[in-house]
Amino acid sequence: MASWNLWHGCHKISAGCAHCYVYRIDARHGRDSSIVTKTKDFDLPMRKNRMKEYKIPSGELVYTCFTSDFLLEDADPWREEAWRIMKIRSDLRFLFITKRIHRFAQCIPPDWGDGYDNVVVCCTAENQDRADFRLPIFRDLPIRHKSIICEPLLGPIDLSPYLGSWVEDVVVGGESGIDARLCDYAWVLDIRRQCIGHGVPFHFRQTGAYFRKDGKTYRILKKDQQAQAHKAKIDLRPRGIDKSVEAPYSQGKPASGGSTPQSPVQGTFFIDEI
Ligand code: SF4
């Protein structure tokens, strides 16, 4: 997976933003995350090497705009050019995650039609309130590839009024970082059950740092959060795309994709019990 960070900086908009990793990491470097700037990599997909070949080779999944929100107001003057690049590089697949799906309709280019086939849009729903607001909007938008991201999962969510064949998959995960809020395995399993009921693929991406299972709570190190989720073996269908929220920025490189699917709900948890 390649990554393309067009602009940097953002504004907190909902509960899921409280411990935003962009703010967390910028704070360590004395940088103000609320100042939004274009990055030096704005035209990265268009760049070529000495052999006159694109630096991002054909066929790559490009994790797009991971230290901001692609639909942020501040980026309105730059987005048209970003869409143009995505259209020119129709040999790539671009994926972005947004908490501003309500702005989508006013942000698309004139030739969008029913969507560019090489663009995957992931809408975050971190709690019931944001699911109820964003998902009806998301469902009705002309987008060819749609995913729901329940990350950080902050409470039980009933997605069932919204799930259907329009959703390519649901990704669930807990919150990372020192101030992480609790993620309960029962919430994860409940969303999985809803996905089974609607025939929607499901991926448990990571536990987060503060996790509860069977009434016991655990602190889980960053390096173990994905591995522990993987151990649960509750994914429905193998996935070729990892819609990782944090990996490119916090670890310096994109996460690798894929998960092992299909087995009964079980797994060996955990470490460092509180
Ligand atoms: S980058 Fe995402 S989590 Fe952070 S403030 Fe923006 S919308 Fe919220």
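This section describes the fold, the ligand shell, two helices and several individual residues of the protein.

The structure is a predicted model, in which local features need pLDDT of at least 70, side-chain atom pairs count only at pLDDT 80 or more, and totals for chains, interfaces and linings use all residues. Residue numbers run from 1 along each chain as its sequence is written.

The secondary structure comes to seven helices and twelve strands. Helices (H or I, at least four residues) and strands (E, at least two) are DSSP runs, numbered from the N terminus. Of the 274 residues in the protein, 40% are buried. A residue counts as buried if 20 or more other C-beta atoms lie within 10 Å of its own, as exposed if 12 or fewer do, and as partly exposed in between, with C-beta atoms placed from the backbone. Among contacts with a separation of 6 or more, 76% join residues 24 or more positions apart. Two residues are in contact if their C-beta atoms, placed from the backbone, lie within 7 Å.

The ligand is considered next. The residues around the ligand are C10, K12, I13, G16, C17, C20, V22, S68, D69 and K99. A residue is near a molecule if its C-beta atom, placed from the backbone, lies within 6 Å of it. By class, this shell divides into five nonpolar, two polar and three charged residues. Here Ala, Val, Leu, Ile, Met, Phe, Trp, Tyr, Cys and Pro count as nonpolar, Asp, Glu, Lys and Arg as charged, and the others, Gly among them, as polar.

Helix α4 covers residues 128–140 and has 13 residues. From its first C-alpha to its last, α4 reaches 19 Å, close to the 18 Å expected at 1.5 Å a residue. The expected span is 1.5 Å times one less than the number of residues. The helix bends by about 30 degrees at R134. This bend is the angle between axes fitted to the seven residues ending there and the seven starting there. A proline, P136, follows R134 within four residues. R134 is also one of the buried residues of α4, with R130, A131, L135 and F138. The buried residues of α4 pack against two strands, β6 (119–124) and β7 (145–150).

Helix α6 spans residues 222–232, and its buried residues are Q225, Q226, Q228, A229 and A232. Seen down the axis of α6, these buried residues fall within an arc of 160 degrees, so they line one face of the helix. The arc is that of the directions from the helix axis to the C-beta atoms. In general, an α-helix has 3.6 residues a turn, so residues three or four places apart point the same way. K223 and A227 are exposed on the other side of α6. The packing partner of the buried residues of α6 is β10 (202–206). After α6 comes K233, with a positive phi near 55 degrees.

Further backbone features lie in loops. Most residues other than glycine have a negative phi, and most peptide bonds are trans. K52 is not a glycine, yet has a positive phi of about 65 degrees. K52 sits in the loop between β3 (37–38) and β4 (61–64). K52 is exposed, with 6 other C-beta atoms within 10 Å. C65 also has a positive phi, near 65 degrees. C65 lies in the loop between β4 and α2 (76–88). In contrast to exposed K52, C65 is buried, with 26 other C-beta atoms within 10 Å. The peptide bond from E151 to P152 is cis, with omega near 0 degrees. P152 belongs to the loop between β7 and β8 (169–173).

Three residues illustrate pairings across the sequence. Y63, in strand β4, is buried, with 26 other C-beta atoms within 10 Å. Y63 and M1 are 62 residues apart in sequence and 7.0 Å apart in space, C-alpha to C-alpha. A180 occupies the loop between β8 and β9 (183–184). A180 is buried, with 20 other C-beta atoms within 10 Å. Not counting residues up to four places away in sequence, A180 touches H19, G174, E175, G208, A209 and Y210. The C-alpha atoms of A180 and L154 are 9.9 Å apart, with their positions 26 residues apart in sequence. R193 lies in helix α5 (residues 185–198). R193 is exposed, with 12 other C-beta atoms within 10 Å. A C-alpha separation of 9.6 Å links R193 to S160, 33 residues apart along the chain.
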